[in-house]
Amino acid sequence: MATLDACDRARHVHRPIDCKFGALLGQGAMRTFMKAGALGFLTILAACGSDDDGAERVRLRLNEMQVVGSHNSYHVQAREPLFGIISAFSPELAESIEYTHIPLQEQFETQGVRQIELDIFYDPDGGLFENPVGLQIAFDDPDVIVPGLDLPGFKVLHVEDVDIETTCLTLIECLVDVKTWSDAHPHHVPITILIEAKSDGVGLQVAEDLGFVIPIPIDGPALDLLDDEIRSVFPPEQIITPDDVRGSRDTLVEAVLTDGWPTLDESRGKVLFALDNGGSEKRDYIDGHPSLRGRILFTSSNDSEDEGAFVKLNNAIGDFDEIQRLVGLGFIVRTRSDSPEGREARDNDMMRRDAALASGATFVSTDYPVPNPDFSDYQVQMPGGMPVRCNPISATADCTALLLENPDQLG
């Protein structure tokens, strides 16, 4: 029986390949054939050239995929009795934090998540958040300490002093978790890490009234240190940066509109960072780095801005047309499939989720990659059950899910 030996047994790993026929069909190819069906397998065959003509298969690009992201990916619901105290004080706040994510590596491995979000507070000397007021009240212990929050560096928390449970306490710890999984699965599509820099927390007046920590502003020097912390974990060759995308073009938006994003071949096993913030944090991050020269993170910027490449548009229904427009131009876009209060999951309402998927947004972020059995069956996964699918707006007709990422072939 003929085979695709040099086509990596019909794997979806993207790199220029020559197809050689002659070896026996291996088990990996048989699994791929059974998963894809005859049509999918023939599509893979058609995408391969031969030694005679040197043809290369279709070069799919990073923006031609769609994946599920997790919102506040580190988050663990506040323990009792603290959650009960929060509920009594603010039912709205309690509803918005009533969810728990499993550790990052498990999200990648078992839930197909390929985009995560981390909220960071600046704590250069360490210890700023280690004695949370909420835990002091809940456990009637003014000396209660959270181990690990004494370390210097950016902390990964949701709301200072009250919603501080997390699967990884520091940014570096979270990034090491990502790198560990990535290194063990070198063929994964790029993982995007959205970072929200939190400078005001619950607000100055509320913090003062309740005796909460006053967060340290995340300004230009702090954002420089953010880049440094990322570089301390990931080597340059494992990060997709604005410089990589811009290439020789004058601006990032020109590169995206003219040349497009890197191919998936060039991007496998890598990570990409984006800044969730607008406002002063975005301005400070760009200042001195026009078109994000020398920076690590992409900023949420549209096609009228030099930094345009990635855009955050969270209202999948209200922003639907704009999402489709930008995706059609070649942008990567993040949207949300459910509201901060989890109303969709509580009501088992699929409208916003379905709009998010149909919009072509690259990253469809959710608090429910698996259902919360206390609410309903509501969940968000890629149609077809794969970790990634061909983008319904930007992918070419040659794209098939198995060409993107097959869970059996990640290692």
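Residues 24 or more positions apart make up 69% of the protein chain's contacts with a separation of 6 or more, where contact means heavy atoms within 4.5 Å. This is a predicted model, in which local features need pLDDT of at least 70, side-chain atom pairs count only at pLDDT 80 or more, and totals for chains, interfaces and linings use all residues. Residues are numbered from 1 along each chain as its sequence is written, and side-chain values use heavy atoms, with hydrogens and water left out.

**Exercise 1. Describe the protein chain as a whole: how many helices and strands are there, and what share of the residues count as buried?**

Step 1. Begin with the secondary structure, which comes to 15 helices and 13 strands. Helices (H or I, at least four residues) and strands (E, at least two) are DSSP runs, numbered from the N terminus.

Step 2. Turn to burial: 55% of the 411 residues count as buried. Buried means under 20% relative accessible area, exposed over 50%, and partly exposed in between (1.4 Å probe, protein chains only).

Step 3. Finish with the surface. The protein chain exposes about 16,500 Å², and carbon and sulfur atoms supply 52% of that area.

**Exercise 2. Find the disulfides and give the handedness of the link between Cys168 and Cys174 and of the one between Cys390 and Cys399.**

Step 1. Search the whole structure for cysteine sulfur atoms within 2.5 Å of each other, the cut-off for a disulfide. The search finds 2 disulfides.

Step 2. Take Cys168 and Cys174, whose sulfur atoms are 2.0 Å apart. Their link has 95 degrees about the S-S bond and is right-handed. Both of these cysteines are buried.

Step 3. Now take Cys390 and Cys399, with sulfur atoms 2.1 Å apart. The torsion about their S-S bond is about -90 degrees, so this disulfide is left-handed. Cys390 counts as buried because its relative accessibility is 18%, and Cys399 counts as buried at 11%.

**Exercise 3. Describe how helix α6 packs with helix α8.**

Step 1. Recall what to look for. Two packed helices are described by the angle between their axes and the distance between the axes.

Step 2. Read off both values: α6 (residues 171–184) and α8 (residues 220–233) pack at an angle of about 35 degrees, with axes 9 Å apart. Axes are lines fitted to C-alpha atoms, for helices over the stretch in contact, and angles run from 0 to 180 degrees between N-to-C directions.

Step 3. Look at the residues that touch. From α6 come Leu171, Ile172, Leu175, Val176 and Lys179, while α8 brings Leu226, Glu229, Ile230, Ser232 and Val233.

Step 4. Sort them by class, which gives 7 nonpolar, 1 polar and 2 charged residues.

**Exercise 4. Ile145 and Val333: which is buried and which is partly exposed?**

Step 1. Locate Ile145 in the loop between α5 (133–138) and β5 (155–156). With a relative accessible area of 44%, Ile145 is partly exposed.

Step 2. Check its surroundings. Leaving aside neighbours within four places in sequence, Ile145 is in contact with Glu130 and Asn131.

Step 3. Move to Val333, found in strand β11 (residues 332–336). Val333 is buried because its relative accessible area is 0%.

Step 4. List partners of Val333 beyond four places in sequence: among them are Val311, Leu313, Ile323 and Phe363. Thr362 is another; the C-alpha atoms of Val333 and Thr362 are 5.2 Å apart, although 29 residues separate them in sequence.

Conventions: Nonpolar A, V, L, I, M, F, W, Y, C, P; charged D, E, K, R; others polar. Areas by Shrake-Rupley, 256 points an atom, 1.4 Å probe, with all protein chains shown as cover.
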